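User: I'd like to learn how to read the features of a protein model, one at a time. Could you walk me through this one?

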Amino acid sequence: MITFMALSAGADFDMIQVAVRKRAALYTEEKWDCLCFCTVTEAERFLEKEPVLELISWDVTLSGAQEALERLRKVHQEAFLLIVADTTVKPTVYLKPRIAPGALLLKPVEKANTEEVMQDIFDVFIQRWEEGISDTFLVETREGKQYIPIGQIDYFEAKEKKIFIRTKSSEYGFYGTLEMLQEKLPDGFLRCHRSYIVNMKRVKALLSKQNLLQMADSVVVPFSRSYKKILKEYWSNG
């Protein structure tokens, strides 16, 4: 599954979406989910769930879009970003290292220009997709590939003879073992239970008496007594 999310005026999105779907069908075998939001409020309500996004189109001419763009980029650093702008918006608004756009489309959006920009995007995007996106965890299922940003993973859980990745909004299952995962995961992912590896950077509180780790949205992860010392040491030094 590849998710394309846009903040866009309706007519502009229609043109961009057609160009995306055309190339998606030509260059990938993955299923694509295309989502459009016409206001920043609607977009940010969706983004609160921290969905996994691969491609974003963001119209910085809409009300509140410029400020929201920086908030978006703090979470979705790995997504390919297409900026939609016009001459009324100073380039310094979006040409920043912390924004790091991959492409720019100027309004008024026209079909020929959209096709050209989208072709350039796919030339780069597909190469990234095939080679693997940095700072992501790859899950391969019958439905295709899913690259999950490491920073959005809450924990891994072993259950039902599979491993499940839990993010704020979704769950992804694959075959493997926690022992194999421990060798691949970066610092900050700690084994806390025979069935769990947790991302300590996503832990909100360590509930020592209950042997629980508090995550976002009231989600809790249990930890075993044998792991309590290493968890408390990491938490104290974090």
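User: Let's start with strands. How many bridges join β9 to β10, and in which sense do they run?

Analyst: Happy to help! Helices (H or I, at least four residues) and strands (E, at least two) are DSSP runs, numbered from the N terminus, and two strands pair if DSSP finds at least two bridges between them. Here four bridges join β9 to β10, and the two run antiparallel. Together β9 and β10 form a hairpin with three residues between them. Within it, phenylalanine 164 stands opposite glycine 173 of β10.

User: What should I know about the source of these values?

Analyst: This is a predicted model, in which local features need pLDDT of at least 70 and side-chain atom pairs count only at pLDDT 80 or more, while totals for chains, interfaces and linings use all residues. Residues are numbered from 1 along each chain as its sequence is written, and side-chain values use heavy atoms, with hydrogens and water left out.

User: What does the chain look like overall?

Analyst: Its secondary structure comes to six helices and 15 strands. The C-alpha trace spans about 60 × 35 × 25 Å along its principal axes. Buried means under 20% relative accessible area, exposed over 50%, and partly exposed in between (1.4 Å probe, protein chains only); by that rule 47% of the 238 residues count as buried. Contact means heavy atoms within 4.5 Å. Among contacts between residues at least 6 apart in sequence, 54% join residues at least 24 apart.

User: How do I read a sheet, and which strands stand at the edges of the one with β14?

Analyst: A useful general idea is that in a regular strand the side chains alternate between the two faces of the sheet. In this model three strands form an open sheet in the order β13-β14-β15, with antiparallel pairing. β13 (205-207) and β15 (220-222) stand at the edges with a single partner strand each, so one side of each is left without a neighbour in the sheet. The twist averages 25 degrees from one strand to the next, where axes are lines fitted to C-alpha atoms, for helices over the stretch in contact, and angles run from 0 to 180 degrees between N-to-C directions. β14 (residues 212-214) pairs with β15 over three bridges, and leucine 213 stands opposite valine 221 in β15.

User: Next, the interior. Which element gives the most to the largest nonpolar core?

Analyst: A nonpolar core is a set of buried Ala, Val, Leu, Ile, Met, Phe, Trp, Tyr and Cys residues joined through side-chain atoms within 4.5 Å. The largest one has 26 residues, and Phe4, Val20, Trp32, Met118, Ile121, Phe122 and Phe125 touch the most other members. At least two residues each come from β1 (2-7), α1 (10-27), β2 (32-37), β4 (80-85), β5 (103-106) and α4 (111-131). The top contributor is α4, with seven residues. Apart from this core lies another, of 22 residues, among them Phe37, Ala43, Leu72 and Ile83.

User: And what does isoleucine 121 touch?

Analyst: Leaving aside neighbours within four places in sequence, isoleucine 121 is in contact with Leu55, Phe80, Leu82 and Ala103.

User: How are aromatic pairs described?

Analyst: A pair of aromatic rings is described by the distance of the centres and the angle of the planes. Rings of Phe, Tyr and Trp (its six-membered ring) pair if their centres lie within 6.5 Å; planes under 30 degrees apart count as stacked, over 60 as edge-to-face and the rest as tilted. This structure holds ten such pairs. In one of them, phenylalanine 137 and phenylalanine 174 have ring centres 5.6 Å apart and planes at 45 degrees, so the pair is tilted. Phenylalanine 137 is in β6 (residues 136-141) and phenylalanine 174 in β10 (residues 171-174), 37 residues apart. Both residues are buried. Ring pairs also link Tyr27, Trp32, Phe122 and Phe125 into a cluster.

User: Which backbone angles deserve a second look?

Analyst: Most residues other than glycine have a negative phi, and most peptide bonds are trans. Here lysine 161 has a positive phi of about 65 degrees, and asparagine 211 has one of about 55 degrees. Lysine 161 lies in the loop between β8 (153-159) and β9 (162-167), whereas asparagine 211 is in the loop between β13 and β14. A cis peptide bond joins lysine 107 and proline 108, with omega about 5 degrees; proline 108 is found in the loop between β5 and α4.

User: Are lysine 161 and asparagine 211 buried or exposed?

Analyst: Lysine 161 is exposed, at 80% relative accessible area, while asparagine 211 is buried, at 17%.
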